[in-house]
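Here is a short briefing to read with the model open beside you. Take it one topic at a time, and pick out each residue as it comes up.

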Amino acid sequence: MDKIKTEDYIDALRQLLEKRYPSSVYSLDGYQECAVCIQSENGYWTVYSAERGNRYDEVICDTVLKACLEFIRKLTHRTEDIASMENELLDNLYALKIA
């Protein structure tokens with residue numbers, strides 16, 4: 001059984017988001033104006049809201065999984081959506097791990 005790679009986490013998050021949101025409201029590749037963004041920096045993952053050339057509400061995570069879960073929480077504040085999206089992400093990652 002192979003270990004899940006960083007790209008797998010980001011791909012699983014991308015697949016989840018593409019079903020629910022237009023790409024204009026999020027970025028999985030760093031800064032994008034008026035979006036929730038995630039990027040790898042100096043061995044950590046940073047999740048933030050981007051606006052007017054600035055990064056707001058930054059959260060630094062020590063793993064890509066924590067960053068993906070934080071990203072979901074920043075993108076939506078509806079408890080039902082957060083729970084549903086987190087479960088779907090974890091299910092997709094679990095399927096990769098056992099495949």
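At 33% relative accessibility, R20 falls in the partly exposed class. Keep in mind that this is a predicted model. R20 is a good place to start, as its side chain forms a salt bridge with that of E88, with N and O 3.0 Å apart. This pair ties together distant parts of the chain: R20 sits in the loop between helix 1 (6-18) and strand 1, E88 sits in helix 3 (residues 79-98), and 68 residues separate them.

**Salt bridges**

- How many salt bridges does a search of the whole structure find? The search turns up eleven.
- On the E88 side of the pair with R20, the setting is buried, with a relative accessible area of 18% for E88. Buried means under 20%, so E88 at 18% falls within that class.
- K66 and D62 also meet through their side chains, in a salt bridge of 2.9 Å from N to O. Both partners are partly exposed: K66 has 45% relative accessibility, and D62 has a relative accessible area of 46%.
- R78 pairs with D81 in a salt bridge, and their closest N and O atoms are 3.1 Å apart. R78 is partly exposed at 48% relative accessible area, and D81 is partly exposed at 24%.
- Elsewhere, D11, R14 and D29 are joined into one network by salt bridges that share partners.

**Positive phi angles**

- C34 has a phi near 60°, which is a positive value in a residue other than glycine. You will find C34 in the loop between strand 1 (26-27) and strand 2 (35-41).
- Is C34 buried or exposed? C34 is exposed, with a relative accessible area of 55%. The cut-off for exposed is over 50%, so C34 at 55% meets it.
- D57 also shows a positive phi in a residue other than glycine, here near 50°. D57 belongs to strand 4 (residues 54-61).
- With a relative accessible area of 56%, D57 is exposed.

**A buried glutamate in helix 3**

- E86 is part of helix 3, and it is buried, with a relative accessible area of 15%.
- Which residues does E86 contact, leaving aside its neighbours within four places in sequence? They are L69, I72 and R73.

**The chain as a whole**

- The protein chain has three helices and four strands. Read from the N terminus on, the elements run α-β-β-β-β-α-α.
- A compact globule of 99 residues would have a radius of gyration near 13 Å, and the protein chain agrees with this because its own value is 13 Å.
- Along its principal axes, the C-alpha trace spans about 45 × 30 × 20 Å.
- Of the 99 residues in the protein chain, 38% count as buried.
- Looking at contacts between residues at least 6 apart in sequence, 35% join residues at least 24 apart.

**Surface and charge**

- The protein chain exposes about 6100 Å², and carbon and sulfur atoms supply 48% of that area.
- The protein chain carries 12 positive and 18 negative charges, and the mean positions of the two sets are 2 Å apart.

Methods
Residues are numbered from 1 along each chain as its sequence is written. This is a predicted model: local features need pLDDT of at least 70, side-chain atom pairs count only at pLDDT 80 or more; totals for chains, interfaces and linings use all residues. Side-chain values use heavy atoms; hydrogens and water are left out. Helices (H or I, at least four residues) and strands (E, at least two) are DSSP runs, numbered from the N terminus. Buried means under 20% relative accessible area, exposed over 50%, partly exposed in between (1.4 Å probe, protein chains only). A salt bridge is a side-chain nitrogen of Lys or Arg within 4 Å of a carboxyl oxygen of Asp or Glu. Contact means heavy atoms within 4.5 Å. The radius of gyration is taken over C-alpha atoms; the globule rule is 2.2 Å times the number of residues to the power 0.38. Accessible areas come from the Shrake-Rupley method with a 1.4 Å probe; for residues, only the protein chains shown count as cover. Lys and Arg count as positive and Asp and Glu as negative; His and the chain ends are not counted. The place of a charge is taken as NZ of Lys, CZ of Arg, CG of Asp or CD of Glu.
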